[in-house]
Amino acid sequence: SGGLSLAAMAYRRWQERHGAERGITIGGKFFTAEQLLFIRYGAGWCDLQSNEDLLKQIENAQEPHSVRRLRVVGAVQNSRTFAKAFQCPMGDSSSMNPKDKCELWGIDVLLPIQ
């Protein structure tokens, strides 16, 4: 989640210098520029694995990394910026915005929502 927070911080600074970008409509749904930052982050980790391949990766003692899906979900669940961008309710009612977060390096920033 630290890298994602740094990317959000860098994007916020870019917006301060160059002006806020407009959002776009995809499939009939409007997404803000901030939401698109997180959508693109998730798309970067996108893959298709069979359950068998997923299990092999999980059980592989030589593989130190989490599976891709969990790398995305874990990072955004711990991001206050993500929760604000997507207006996720906090706590038990939303698995995407738990009350207790793990903020690596303590740098999670809140992007100004346009």
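Trainee: Which residues do ring pairs link into a cluster?

Mentor: Good place to start, and keep in mind that this is a predicted model. Ring pairs join three phenylalanines into a cluster. They are Phe 38, Phe 82 and Phe 86.

Trainee: How are the planes of Phe 38 and Phe 82 arranged, stacked or edge-to-face?

Mentor: A pair of aromatic rings is described by the distance of the centres and the angle of the planes. Planes over 60 degrees apart count as edge-to-face. Phe 38 and Phe 82 have ring centres 5.4 Å apart and planes at 85°, so the pair is edge-to-face.

Trainee: How many residues apart in sequence are the parts that this pair, Phe 38 and Phe 82, ties together?

Mentor: Phe 38 belongs to helix α2, residues 33-44. Phe 82 belongs to helix α5, residues 80-86. Because the two rings sit in these two helices, the pair ties together parts whose separation in sequence is 44 residues.

Trainee: And are Phe 38 and Phe 82 buried or exposed?

Mentor: The cut-off to use here is a relative accessible area under 20% for a buried residue. Phe 38 and Phe 82 fall in the same class, and that class is buried.

Trainee: Let's stay with these helices. Which residues does Gln 35 contact, leaving aside neighbours within four places in sequence?

Mentor: Gln 35 is placed in helix α2. With a relative accessible area of 11%, Gln 35 is buried. Setting aside its neighbours within four places in sequence, Gln 35 is in contact with Phe 30, Ala 85 and Phe 86.

Trainee: How far apart in space are Ala 85 and Ala 33, C-alpha to C-alpha?

Mentor: Ala 85 is part of helix α5, and its relative accessible area of 6% makes it buried. In sequence, Ala 85 and Ala 33 are 52 residues apart. In space, their C-alpha to C-alpha distance is 9.2 Å.

Trainee: Now the other aromatic residues. Why is the pair of Tyr 11 and Trp 14 stacked?

Mentor: The count for the model comes to three aromatic pairs. In the pair of Tyr 11 and Trp 14, the ring centres are 6.3 Å apart. Planes under 30 degrees apart count as stacked, so this pair is stacked because its planes are at 5°.

Trainee: Which helix holds both Tyr 11 and Trp 14?

Mentor: Tyr 11 is buried at 13% relative accessible area, while Trp 14 is partly exposed at 36%. The two are three residues apart, about one turn of the helix. Both lie within residues 2-18, helix α1.

Trainee: Where does the charged end of Lys 29 sit?

Mentor: Look for an aromatic ring whose centre is 5.5 Å from that charged end. The charged end of Lys 29 sits over the ring of Phe 31.

Trainee: Turning to the largest pocket, which helix supplies the largest share of its lining?

Mentor: The largest pocket has a volume of about 210 Å³ and a lining of 13 residues, with Asp 47, Gln 49, Leu 54, Arg 68 and Arg 69 nearest its centre. Helices α2, α3 (51-59) and α4 (68-77) each supply at least two lining residues. The largest share, four residues, comes from α4.

Trainee: How many residues of that lining are nonpolar?

Mentor: Divide the lining of the largest pocket by residue type. Three residues are charged and two are polar. The nonpolar ones number eight.

Trainee: Last one: in what order do the elements of the protein run from the N terminus?

Mentor: The secondary structure comprises five helices and two strands. Starting at the N terminus, the order is α-β-β-α-α-α-α.

Notes:
Residues are numbered from 1 along each chain as its sequence is written. This is a predicted model: local features need pLDDT of at least 70, side-chain atom pairs count only at pLDDT 80 or more; totals for chains, interfaces and linings use all residues. Side-chain values use heavy atoms; hydrogens and water are left out. Rings of Phe, Tyr and Trp (its six-membered ring) pair if their centres lie within 6.5 Å; planes under 30 degrees apart count as stacked, over 60 as edge-to-face and the rest as tilted. Buried means under 20% relative accessible area, exposed over 50%, partly exposed in between (1.4 Å probe, protein chains only). A charge sits over a ring if NZ of Lys or CZ of Arg is within 6 Å of the ring centre and within 35 degrees of the ring normal. On a 1 Å grid over the protein atoms alone, a cavity is a set of points where a 1.4 Å probe fits but cannot get out, and a pocket is an open set with protein on both sides within 12 Å along at least five of seven lines; lining residues have an atom within 4 Å of a point. Grid points are joined across faces, edges and corners, and a volume is the space filled by probe spheres set on the points. Ala, Val, Leu, Ile, Met, Phe, Trp, Tyr, Cys and Pro count as nonpolar, Asp, Glu, Lys and Arg as charged, and the others, Gly among them, as polar. Contact means heavy atoms within 4.5 Å.
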